[in-house]
Amino acid sequence: MTLLDGKKVSNDIKNEIKAEVDKMKANGEKVPHLAAIIVGNDGASLTYVGSKVRACERVGFESTMVRMSNTTSEVELLDKIEKLNTNDDIDGFIIQLPLPPQINTRKVLMAVHPDKDVDGFHPMNFGKMALDMSTFIPATPFGILELLDRYNVETDGKHTVIIGRSHIVGRPMSILMGRKGFPGNSTVTLTHSHTKNITQITSQADIIISALGVPGFLKAEMVKDDAVIIDVGITRVPDDSPKGYYITGDVDFENVSKKASFITPVPGGVGPMTIAMLLKNTLLARERHNKK
């Protein structure tokens, strides 16, 4: 069994990005600038945005964190988005989810200019991805592709089963794993909460990508020998530790890892890759703006 080490690969990618940024600086070019909008005081969201800001510092990007109160109106948020859309100094920006209930998340994500949508959530970018055109791939799916690529995991002709159909992971992964090229060219089954006989389906899979958010959902009896397991789930489970919780994925790692050929750990698998690929998308945005 080979561990797909997202921590190590994400560090490699950050080093590669830093080398590119150092070249930009040496040539007197403007370095990439990533902004993040966070509305409210959600603890997990603040942690995620903080780690994104630190990652920017590490690779030499400029970063801006825009903090807005929990009572921010939709109009105020849309106004802030428009200012970032028209600010030539900002190459890309993200809206940290979830948003407070008074704000329509879809409307807000639609308001981000596709050229600055480094999260890859805008319908224009999603459509381009579906048509195999050059675009921003959502950071988590992009990270999974990069892991499969760097560990040279065979995907051609394989049966890939995806658990979960979210717009952020499941749906894009079903498109990307079925596209021409590597990683891709696999036969994809997309499963979800209405799927019947899920064990029958997963036990035939060569590759399983689980993005369900249900701790320990994927058990050893649901997996065939030598399957490739990508665990996207990340759930805080309360316990008696000083932290008050532990982090776990969708996969019963202890037992499934005994059967798998490749598997991602949680934490340290897909999670670190997401931030690395957000940085990569921001670098791509800067390069595109330079060409324009």
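Strand β4 (residues 92–95) gives the most to the lining of the largest cavity in this predicted model, chipping in three residues. The full lining is made up of F93, I94, I95, L109, V112, D117, D119 and F121. Sorted by class, that comes to six nonpolar and two charged residues, with no polar ones. The space itself has a volume of about 40 Å³, and it belongs to a set of two cavities of 30 Å³ or more in the structure.

The second largest cavity holds about 30 Å³ of space. Here the biggest contributor is helix α2, with four residues of the lining. β2 (33–39), α2 (43–59) and β3 (62–68) each put in at least two. Around this cavity sit L34, A35, A36, V49, K52, V53, C56, S63 and T64, a lining that splits into six nonpolar, two polar and one charged residue.

As for annotation, an unreviewed UniProt entry lists residues 4–119 as "domain: Tetrahydrofolate dehydrogenase/cyclohydrolase catalytic". In the model, this span is 50% helix and 16% strand, and its end C-alpha atoms lie 23 Å apart.

Further along the chain comes helix α7 (residues 170–177), which is largely enclosed by the rest of the structure because six of its eight residues are buried. The buried ones are G170, P172, M173, S174, L176 and M177. Burial here means under 20% relative accessible area. Both helices and strands do the covering: what lies over the buried residues of α7 includes the helices α5 (123–130) and α6 (139–150), along with the strands β5 (159–163), β6 (187–191) and β7 (207–210).

Then there is the hairpin formed by β9 and β10, with six residues between the two strands. In the turn, G244 has a positive phi of about 95°. The pairing of β9 with β10 (residues 245–248) is antiparallel and runs over four bridges; within it, P238 has Y245 of β10 as its bridge partner. In a regular strand, side chains alternate between the two faces of the sheet. Strand β9 (residues 235–238) shows such an alternation: T235 and V237 point to one face and are buried, whereas R236 and P238 point to the other and are not. P238 thus turns up twice, as a residue of β9 that is not buried and as the bridge partner of Y245.

Conventions
Residues are numbered from 1 along each chain as its sequence is written. This is a predicted model: local features need pLDDT of at least 70, side-chain atom pairs count only at pLDDT 80 or more; totals for chains, interfaces and linings use all residues. Side-chain values use heavy atoms; hydrogens and water are left out. Buried means under 20% relative accessible area, exposed over 50%, partly exposed in between (1.4 Å probe, protein chains only). Two strands pair if DSSP finds at least two bridges between them. UniProt positions are given in the numbering used here, feature names are shortened, and annotations may be inferred rather than shown by experiment. Contact means heavy atoms within 4.5 Å. On a 1 Å grid over the protein atoms alone, a cavity is a set of points where a 1.4 Å probe fits but cannot get out, and a pocket is an open set with protein on both sides within 12 Å along at least five of seven lines; lining residues have an atom within 4 Å of a point. Grid points are joined across faces, edges and corners, and a volume is the space filled by probe spheres set on the points. Ala, Val, Leu, Ile, Met, Phe, Trp, Tyr, Cys and Pro count as nonpolar, Asp, Glu, Lys and Arg as charged, and the others, Gly among them, as polar.
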